[in-house]
Amino acid sequence: MISQEEILEILNNYDKDEITIATLGSHTALHILKGAKLEGFSTVCITIKGRDVPYKRFKVADKFIYIKDFSEISSESVQEKLRELNAIIVPHGSFIAYCGLDNIENNFLVPMFGNRKILRWEAERDLERKILEEAKIRTPKKFNNPDEIDRSVIVKFPGARGGKGYFIANSKEEFYKKVEFLKSRNIIDDEDVKRAHIEEYVVGANYCLHYFYSPLKDEVELLGIDRRYESNIDGLVRIPAKEQMEINIEPSYVITGNFPVVIRESLLPEVFKMGDNLVLASKKIVPPGIIGQFCLQSLCTENLELVVFEMSARIDGGTNSFMNGSPYSFLYNAEPLSMGQRIAREIKLALKLGMENKIIY
Ligand code: ATP
């Protein structure tokens, strides 16, 4: 595991007046880079030919580092170029997927915003559940064996695959029938089935809560909320029930976009409590805990209970729904603040106060 001392040594050799904010051109790079520019930083986008279009057209990157293949992101030459640019990396979902957790933990010697150790805890479902339980956050009931299924469940497969191949079952018989069907279509294999995650299907409205924990202020902020726009489920529900029965299409939950939403104001005390508790739990389990951006993906039931089915201990894709600020981020300073700009602001303040050791790992 790369130690913070190693990273701070690299950072100490940087020209602090010429810091560049860097990320991979994908996921949430637009507002990470735009936010950094708004706070006065230079920006660099790591990209491949063809995927650079949005970053060029929206002019959010001052420089580009071109690689042949996204997996090249962890190479020595890319790391070297980043260090030459005095770069601080903001990791997002695609960056983590392409760089790989092992590389981030052991090889990627570039200063990073946030706690790199915690990234594994959100990527692996059992570790994720441990933190959520420690934080006393309500999660869907988990079934360890398909034979225990006694209610509607959703079945998920390993890795964040954006909901592909997920299915709903109401009994063990239905579970096995659907597994056979997905295997016959090569959507899943035996290894996936062994590692299938089965949990209670929660009927509720979706709220993905985007928080920012500032170690400098020791405060959790709520910066925005989105809900997901998923295919084919969001198309499927437009078909009247009678026709749905006739066409017999299996739902899938592939994320294709996001809507900004607001939550009933009376639920906000609970929303803040969950964010505060998660930060405290993460400090205890993976010190120094969550730093900066994180997200709780929840479903609100008709009893107004928030059930969390997923957490991100890094910037979540739903933050793209408030690149120009959200109703909540507006409440802090009456300005259109994005998550990307909030991150850049924390980095700027830490550099000014000489408190980089609180946020860079
Ligand atoms: P990603 O990491 O890309 O967000 P994922 O593969 O980890 O996706 P989840 O986010 O866990 O998948 O779930 C995908 C979708 O499935 C959710 O957005 C939600 O619509 C639905 N879903 C997940 N868990 C439940 C649940 N317990 N009850 C009801 N619906 C659920």
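Author: A polar contact is a pair of N or O atoms within 3.5 Å. Keep that cut-off in mind for this predicted model.

Reader: What makes Val202 a polar contact of the ligand?

Author: A polar backbone atom of Val202 is 2.8 Å from a nitrogen atom of the ligand. The cut-off is 3.5 Å, so the pair counts as a polar contact.

Reader: What about Glu200 and the ligand?

Author: Here too a polar backbone atom faces a ligand nitrogen, at 3.0 Å. That is within 3.5 Å, so this pair counts as well.

Reader: Which atom of Glu230 lies 2.3 Å from an oxygen atom of the ligand?

Author: A polar side-chain atom of Glu230 does. The distance is within 3.5 Å, so the pair is a polar contact. Taken alone, the ligand exposes 620 Å², and the protein buries 91% of that.

Reader: Why are residues such as Lys156 and Tyr166 counted around the ligand?

Author: A residue is near a molecule if one of its heavy atoms lies within 4 Å of it, so these residues qualify. There are 20 residues around the ligand, and Lys156, Tyr166, Glu199, Glu230 and Glu310 come nearest. By type, the shell has 10 nonpolar, three polar and seven charged residues.

Reader: Which domains each give the shell at least three residues?

Author: Domain 2 (123-137 + 203-230 + 256-351) and domain 3 (142-200) do. Strands supplying at least two shell residues each include β6 (153-156) and β8 (197-200).

Reader: Why is Phe95 called buried?

Author: Phe95 belongs to the largest nonpolar core, and core residues must be buried, so its relative accessible area is under 20%. That core has 53 residues. Helix α15 (residues 339-353) gives the largest share, six residues.

Definitions and conventions: Residues numbered from 1 in each chain as written. Predicted model: local features only at pLDDT ≥ 70, side-chain atom pairs only at ≥ 80, totals over all residues. Heavy atoms only, no water. Polar contact = N/O pair within 3.5 Å; in protein donor to acceptor, adjacent residues only side chain to side chain. Areas by Shrake-Rupley, 256 points an atom, 1.4 Å probe, with all protein chains shown as cover. Helix = DSSP H or I, 4+ residues; strand = E, 2+ residues; numbered from the N terminus. Nonpolar A, V, L, I, M, F, W, Y, C, P; charged D, E, K, R; others polar. Domains from an automatic or database assignment. Core = buried A, V, L, I, M, F, W, Y, C linked by side-chain atoms within 4.5 Å. Buried < 20%, exposed > 50% of the residue type's maximum accessible area, 1.4 Å probe, protein only.
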